[in-house]
Amino acid sequence: MIEFLKHESELPYNPNDKSSIIEYAQKLTQKSLRNTCSEEADSLKNNKGAFGQLVENLYFFIKTNNSPEPDFSSVGMELKTAGLNKKKSQWRAKESMMLSSINYHNIIKEKFSKSSVINKSGCLLFIFYEYKKSILPLDLIIKVVGSWTFSDITEKDKEIIKRDWEIIRDKVINGKAHELSRKDTNYLCAVTSGTSNQFTKQPNGRETRTRKYALKSGFMHSVINQITKQNDNTSSLFESAKEAKSLSIEEKVYQRFVPYLNKTDKQLIQELNITNLNSKTKQRFSLITKQILKAIFSVPEKAKLDNYIEEFSKAELEIKTIRLNEQSLPGEDISFLAFKYEEVVNEDWEESNFHSLIDKKFLFVFFQYKGQELILKKVKFWNMPYKDTLKAEKVWKETQKILKEGNIVKEFKYDKNGKKLRVTNFPNKRFSDVAHVRPHAKNAEDTFPLTVKDKITKADNYTKHCFWLNASYVRDEIFLK
């Protein structure tokens, strides 16, 4: 039962009237809680509590609770708050939107239409604030307020979300709740909560961390656009809800790719009328891939591929173009963005940048050499298996340990020209068959600051490094499987 901090007759809105709740919520737009709730906030001058809880307590006078019921239970509406970042004049969701907790024992008995996620999150009142790291929650400015329901989304999206929910349910049924991650699904995902390290039993498997349903940030962009009445300017893969029900995103993309497989890059360039392509540029094959996708999905010339194809944007699909030699080995390891040392030191694995980078669904486009010709050999949707994610975690933890101890440099060596080189303790390919750490910088002077000085060099900054997927791993576990 939801309780209020005031008698219902004293509330500044009617909790039994959806329109009254929404109208009252919208008064927060362009304001902070300190501006709006000055009397209540005065006793919490330096409060660093969760923004959502402050909104519930100070503005809506809802008593803190762990009820499975929606916050406004009489109208079936749940209150959700989240941060926004502004990109090119548009507000974008900072991260995935956490929904209700997943009850591993109940989900295996549920049907999607009557599931707990629909029951508690079927109708949502969103309050989005502009995210600023250094600002107290009381002073964050609220930018977008609006309501949203599952019934508002297109039938195509409903089918994709339903399939996502079924993937989550089936993993729980098979005793694999501990393997659930956001990369398993497209729009609706299962995530661990950053504020909870609680473990619970699953019906058919080992003890596992509690998880929540969440809508991916890519999907939330479309929700924000819907609330603010901004045009998404996207195009769907599917012609109808019926097609989305019969085909997965993966099957639809592969179906479109089939006519182009086993053709050389020269044939593709000619057939797709690709012009002004520098034959020596490093991005040549990535550009060919994008042109192929633009051609088969009718993407306008100036539109960005990932943003224009609706399903790619909402699912946060990562596209990687790989060149293979005749032995199926990539020409190089797969790099990610250089990491900031202080972030690695202060992060937990589940919330780390590296985990978020590999906890995605990828579309790999493989070109392979045959003599002097380069052939579009394979396209494959892939997400890292649970067992390999554990190996990647070991690489990350070893890197964190080295940074915390200031134990980066192992020894010095000299190259054939007599140049002094530093050899690090960072995990290399011998440490893991999945990933390793090595430099990812313009030169040795391109650095990030250290939180702990290196013991040998006494340096307080170090050349930028990043995590890399091993080329042999890409060959054996992605291309050849």
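## Close-up views of a predicted model

**View 1. Lys458 sits in the loop between strand S17 (447–449) and strand S18 (461–463).** All the views here come from a predicted model, and we start with a residue whose backbone deserves a look. Lys458 has a positive phi of about 65°, although it is not a glycine. Most residues other than glycine have a negative phi. What is the relative accessible area of Lys458? The value is 58%, so Lys458 counts as exposed, the cut-off being over 50%.

**View 2. Gln30 is another non-glycine residue with a positive phi, here about 70°.** Look for Gln30 in the loop that runs between helix H1 (18–26) and helix H2 (33–36). With a relative accessibility of 48%, Gln30 counts as partly exposed.

**View 3. Strands S1 and S2 make a hairpin with 2 residues between them.** Strand S1 covers residues 78–87 and strand S2 covers residues 90–93; the two pair in the antiparallel sense over 4 bridges. To find your way across the pairing, start from Asn85, which stands opposite Arg92 in S2. Then move to the turn, where Lys88 has a positive phi of about 50°.

**View 4. Lys87, Lys88, Lys290 and Lys304 form a positive surface patch.** You have just met Lys88 in the turn of the S1 and S2 hairpin. Another member of the patch, Lys290, belongs to helix H12 (residues 284–296). Lys290 is partly exposed, at 43% relative accessibility.

**View 5. In helix H7, Glu166 and Lys162 are joined by a salt bridge.** Their closest N and O atoms are 2.7 Å apart. Helix H7 spans residues 155–173, and the two partners lie 4 residues apart in it, about one turn of the helix. Are these side chains' residues buried or partly exposed? Glu166 is partly exposed at 24% relative accessibility, and Lys162 is partly exposed too, with a relative accessible area of 32%.

**View 6. Glu405 and Lys401 form a salt bridge in helix H17.** The helix takes in residues 386–405, and Glu405 and Lys401 are 4 residues apart, about one turn of the helix. Here the closest N and O atoms are separated by 3.6 Å. Both partners are partly exposed: Glu405 has 35% relative accessibility, and Lys401 has a relative accessible area of 42%.

**View 7. Lys263 and Glu271 meet through their side chains in a salt bridge.** The N to O distance is 2.7 Å. Lys263 counts as partly exposed at 22% relative accessibility, while Glu271 is partly exposed with a relative accessible area of 44%.

**View 8. Asp157, Glu310 and Lys314 are linked in a network of salt bridges.** Side chains of opposite charge can pair when their charged atoms come close. How many salt bridges does the structure hold? There are 26.

**View 9. Val258 lies in the loop between helix H10 (249–257) and helix H11 (265–271).** Follow the chain to Val379, 121 residues apart from Val258, and you will find their C-alpha atoms separated by 9.1 Å. Val258 counts as partly exposed, with 41% relative accessibility.

Notes
Residues numbered from 1 in each chain as written. Predicted model: local features only at pLDDT ≥ 70, side-chain atom pairs only at ≥ 80, totals over all residues. Heavy atoms only, no water. Patch = residues over 30% accessible without salt bridge, like charges linked within 9 Å, V, L, I, M, F, W, Y side chains within 5 Å. Areas by Shrake-Rupley, 256 points an atom, 1.4 Å probe, with all protein chains shown as cover. Salt bridge = Lys/Arg side-chain N within 4 Å of Asp/Glu carboxyl O. Lys, Arg positive; Asp, Glu negative; His and termini not counted. Charge placed at Lys NZ, Arg CZ, Asp CG, Glu CD. Buried < 20%, exposed > 50% of the residue type's maximum accessible area, 1.4 Å probe, protein only. Pairing = 2+ DSSP bridges.
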